[in-house]
Each structure stands twice: as structure tokens, then as C-alpha cells.
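Me: I'd like to go through this model with you, a few questions at a time. Shall we start with the overall picture and then move on to the details?

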Amino acid sequence: MQETMVKRVAIVGAGVTGLTSIKCCLEEGLEPTCFEKSDDFGGLWRFTEHIEDGKPSVYKSMVSNTCKEMSAFSDFPYPEDFPNYMANAKFFEYLKLYAKHFDLVKHIQFKTTVISIKKRSDFSTTGQWDVVTESNGKQGSSVFDAVMVCIGYLSESFLPLESFPGIKKFKGSYFHSRFYKHPDVFQGKRVLVVGMGNSGVDIAVEASHVAEKVMISTDRGAWALSRVFDNGYPWDMVFITRFMNLVRNSLPGPILGWMIANKMSQWFDHENYSLIPQDRRVMREPVLNDDLPSRIITGKITIRPKVKEFKENSVVFQNSSEEEPIDIIVFATGYTFSFPFLEESVLKVENKQASLYKYIFNPHLEKPTLAIVGLIKPFGAVMPVVEMQARWITRVFKGLCQLPPVTTMVKEVTKKKQKKIHWFGFSFDEVLKTDCLVYVDELASFIGSKPNLLALFFKEPKLALEIFFGPCTNYQYRLTGPGKWAEARNAILTQWDRTLKPIRTRVVEDSSNFFPYLLKIFGLFALFAALFLGFQ
């Protein structure tokens, strides 16, 4: 591809992805202009009582499913007194701190809707775009050298009512989970939640405190996970480590599936609670909820199979003729996505899929000056993923990183769409889902910021051990390469201090013993073994 000089970049959306995209553009000397249709930034994490068309919506009580250390931007740790898992208001506070620290807001045009983004007539040589926006009822057009689309996939409800026989006869009320805000609506009601993702379970648990009866209908089931994991540590700081990832991806799929099932059921037996996933060959996103088993065992929530049909005031489930009376249905049936401001020739969405190389670039564009950021469902925190995407994208825009030939990109996209069951490691149930550590490592290697553990071990073994055995936090990707951050080393070595700070609020005598030192000795041997097996 012929190199194109990029300077002015249009960014659509000022949520988490849009904010980090602005910052990454500034780091590379580009000139970003971010268009945000609402009157503030924050996207999903900015709670409002009303539903904004085309914008993500969050309920008042929503709490993050990934902890602060795993979801921090790579050069901006959370304040140490912030809780490990945050309510949306606290998370939004962090975004405000981030935007202020890097002076991002001045690059955002609020209350501005993007109407269309079209190739210019000389696109094949310039890679430029005509961007039409509307603000205060007036339209304007500007020329940009590149575009970053940061609108995510949580704005358009997926509600296939035709899949639910009898729904038109139902005399109660129903709505998609996107429209949920407070549990008051369930007071004294008989509630059915259809679907078992994180939002659906959160809503069911909240409803169970005020409703007469709550049922969750699920066909596929799900693993349920507590945020409080081994020894009381955050689940993702224990689960998502380089060492554990190496082990998991080295194991045959059936063995890994058995290990995951065994680990998940150490909290409670999922089969006894009617939650066990139907197809355990593939990895679905686990449900993060600390209260679900408690609500089930106390009879506040009942797990039911797939809906067979709805009656005027009741529901009938599969393999049953009994009618269960209900008043309210919440459809937690997920989301779809579209890009109405883009022409199909630029990006086509079919069956909730878009043909994008590394989930970002259309392989068939003559110039790689359009990037879709955040259209991915990582098994882990999203912020490190979208930040690394933006870091790579901006270097592609500048010509500092090159994309492979079109045939190579198309081949990879086609392979991902096939959703094959892998012999080793995780197999995911959706094309958009991926192993966040493997994916971020790959993008980091493109820009030269992936840590070299072998070299680091001989230079600073303590740091190398923490990176390999400890949580794979985002600070690792600022140790070297473009955007190197002088405080990255310290951020890694103090990440457990920030984790314990908000929960160690009562002074007690130190009960440490020699056991941690034995673990470190074992760690040295394990690291040597891994390094000589070719892990770098």
C-alpha cells in the first residue's frame, strides 16, 4: 500500500474508547477532533435517568466486572483509595481524572452527531474522508485524513420478538434490559428475565429483593463467578496472568474444559443450581455476580429452561405444559450493532459480524485510514484492549506500522468467522470474543511495546517474575517501545499495594510467614522452564 500522510483524525464517540483514541492521536502528533452526540463524555459509564437514542445505557447500580488494576489505562493507574470494583459513578470519576490529566476535553465537540462519512473522490491516492456532522440543527462538512469509529456495540437492543410465540397476546409489560434503571418497577411483581448475561443476572438479583417472584430463563446456561476469587483477591488478577495463560493454551481443549468446570464449581455445584453450560466445548463469558447462588438457594430466584410460549398472563417453558404466572418480562437478549453513517461499500455488517482484520481494519480499503475501535469482546477488561488498538492504529495512520497484503488479511478474517473448535486452549462461542492477553500481546508486538521477559529476567528478575506470575496489568506495555512511561516499573511493583489499600482498613499484626518465599523459589524454576520452552 502506498504510504499516506495523515494529520487530521476524526473520532466518533467520546466513551472509554474515544478518550483513549484522542490521547493516542496526541501521542503520535496527530490532530484529533472527537464528535460526541451527547453533552458529556463517558459513554456507557455516564449514568442518566433517560435513555439516549444511539447511546449505551447503564442502570443505577451497575458495578464493574473487572478490577481497577486490570482495567487501568497503561500510564494512568487508579487512585489507590478507589475500590477494586467500582460503581459506574466511581468509574466515571476515573475517566474524568484521565481526561483532565491529559487535557482531552478540548478536542471533543459535544452535541454533535455524525451524519455521514464518505470517501473523497481522490481517496485511492489521499485516503481522505468527507465527514458530515450536525449540531444545533445545522450541518457542516470537514475533510479528515483518517477516521476512528468508537461507538462500541451496546447501543442497539437485539430483541427478536418473533422468536417468542405468543408475545403479542401477553397482557403484562416487557422491555429490553437496556431500558432498565431502577428495581422499583418490580415491586410486588412476578418477573421473568429472558437471557443469562451479566446484565440479565444483575437485574434478576436486584428484582429479587422487591419482587414477589423472579425467574431466569436460559437455554445455554453459564458459569457463574464471584469477583472475590482465591484468597479474597480480585478474580481477574488471579485468573489473567501470563503463567496461567501459558498453561491454559498448552492444554488440550477437553482437559482445559474439565479444569474450568472443576474450578467454577468449587464455589458451588453449577449442575445442582441448574446453571451448568449446555455446550462446554466453547467458552462463554462467565456471569460475574456475587449474590446469584445465595438468591437461588434462598428461593428468591429460580432458573428455568427456554421459553416455549407466552400466554396472556403467563409463560410456558420447554418440556413442560405448566403455566407460570408473570407480570413483567425483561429481555436480556443482547445487542446488535450498525454503522449508519458509513456506506456498505466501506463496511458491511451481516449476522452481527463485520469483516475486519484484527477486529479493526477493512482489508479491502485502498488506504488503511478507517479504523473501528472497540468492536471486540475480550475475555477480560476492555480498556487495555481498546487502548492498545488505538496505539497501533495511530501508528498505522502515520505509516510507522504496515498492514500485511490484502490476501493475508482476508485469509485471517475468514478463518476467524469459521469459529472452529481449537485443539488447544479456549474456543469461544462468538467471533467477536477473544483472549485479551494473546490479542493485546500481538498488537503490542506490532508497535514494539511487548515486554521481552527473557531479556528482562537477566536484567531485573524481580520485575520479570511479577510480570510472568502476577496479573497481566496494562502497565507492562509501557516498559519499552513508543510511549514508554518512566513510572511503568513502579506501577507494576506496587499494583498489589493499590489492590489492598481500600480493603485493609483495620490495622492488624502482620501474619506473613515463610510460605511466600517458597512460592518465589518455585517461581524461579517455573520461569526458567517456560523461558527455555520458547515463551518470550
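Me: What radius of gyration does the protein have, and how does that fit a compact globule of 536 residues?
Reply: Keep in mind that this is a predicted model. A compact globule with 536 residues would come out near 24 Å, so the protein agrees with that rule. Its C-alpha atoms fill a box of roughly 70 × 65 × 45 Å along the principal axes. The radius of gyration of the protein is 24 Å.

Me: And how many helices and strands are there in the secondary structure?
Reply: The chain mixes both kinds of element. Among contacts between residues at least 6 apart in sequence, 70% join residues at least 24 apart. As for the secondary structure, the tally is 17 helices and 24 strands.

Me: Which helix gives the most to the largest nonpolar core?
Reply: That core has 118 residues, and those with the most contacts inside it are L95, M148, F186, L292, W392 and F397. One helix, covering residues 383-397, gives 9 residues to this core. The top contributor is helix α10.

Me: Take M148 then: which residues is M148 in contact with, leaving aside neighbours within four places in sequence?
Reply: M148 is one of the residues with the most contacts inside the largest core. Its partners include V9, A10, I11 and V12, and also S21 and C25. Further along the chain, the list goes on with A371, V373, A390, I393, T394 and F397.

Me: Is L375 buried or exposed?
Reply: L375 is found in the loop between β22 (370-372) and β23 (377-378). Its relative accessibility is 2%, and the cut-off for buried is under 20%, so L375 counts as buried.

Me: What about W258, buried or exposed?
Reply: W258 has its place in helix α8, residues 253-264. Together with I255 and M259, W258 forms a nonpolar patch on the surface, with about 330 Å² of accessible area. The relative accessible area of W258 is 59%, and the cut-off for exposed is over 50%, so W258 is exposed.

Me: On to charges: how many residues apart in sequence are the parts that E324 and K213 tie together?
Reply: The side chains of these two meet in a salt bridge at 2.7 Å, N to O. E324 is buried at 11% relative accessibility, whereas K213 is partly exposed at 25%. E324 lies in strand β17 and K213 in strand β11, so the pair ties together parts whose separation in sequence is 111 residues.

Me: Which residue pairs with R227 in a salt bridge?
Reply: R227 is buried, with a relative accessible area of 9%. Its partner is partly exposed at 30% relative accessibility. The two side chains meet at 3.0 Å, N to O, and the partner of R227 is D290.

Me: Which residues are joined into one network by salt bridges that share partners?
Reply: Start from the salt bridge between R478 and E387, at 3.3 Å, N to O. The pair links distant parts of the chain, with R478 in the loop between α14 (461-469) and α15 (488-493) and E387 in helix α10, 91 residues apart. R478 is buried at 0% relative accessible area, and E387 is buried too, at 2%. Through shared partners, the network takes in K23, E27, D75, E387 and R478.

Me: Last one: how many salt bridges does a search of the whole structure find?
Reply: The pairs E324 with K213, D290 with R227 and R478 with E387 are among them. Across the whole structure, the search finds 26.

How values were computed:
Residues numbered from 1 in each chain as written. Predicted model: local features only at pLDDT ≥ 70, side-chain atom pairs only at ≥ 80, totals over all residues. Heavy atoms only, no water. Helix = DSSP H or I, 4+ residues; strand = E, 2+ residues; numbered from the N terminus. Buried < 20%, exposed > 50% of the residue type's maximum accessible area, 1.4 Å probe, protein only. Patch = residues over 30% accessible without salt bridge, like charges linked within 9 Å, V, L, I, M, F, W, Y side chains within 5 Å. Areas by Shrake-Rupley, 256 points an atom, 1.4 Å probe, with all protein chains shown as cover. Salt bridge = Lys/Arg side-chain N within 4 Å of Asp/Glu carboxyl O. Rg over C-alpha atoms; globule rule 2.2 N^0.38 Å. Contact = heavy atoms within 4.5 Å. Core = buried A, V, L, I, M, F, W, Y, C linked by side-chain atoms within 4.5 Å.
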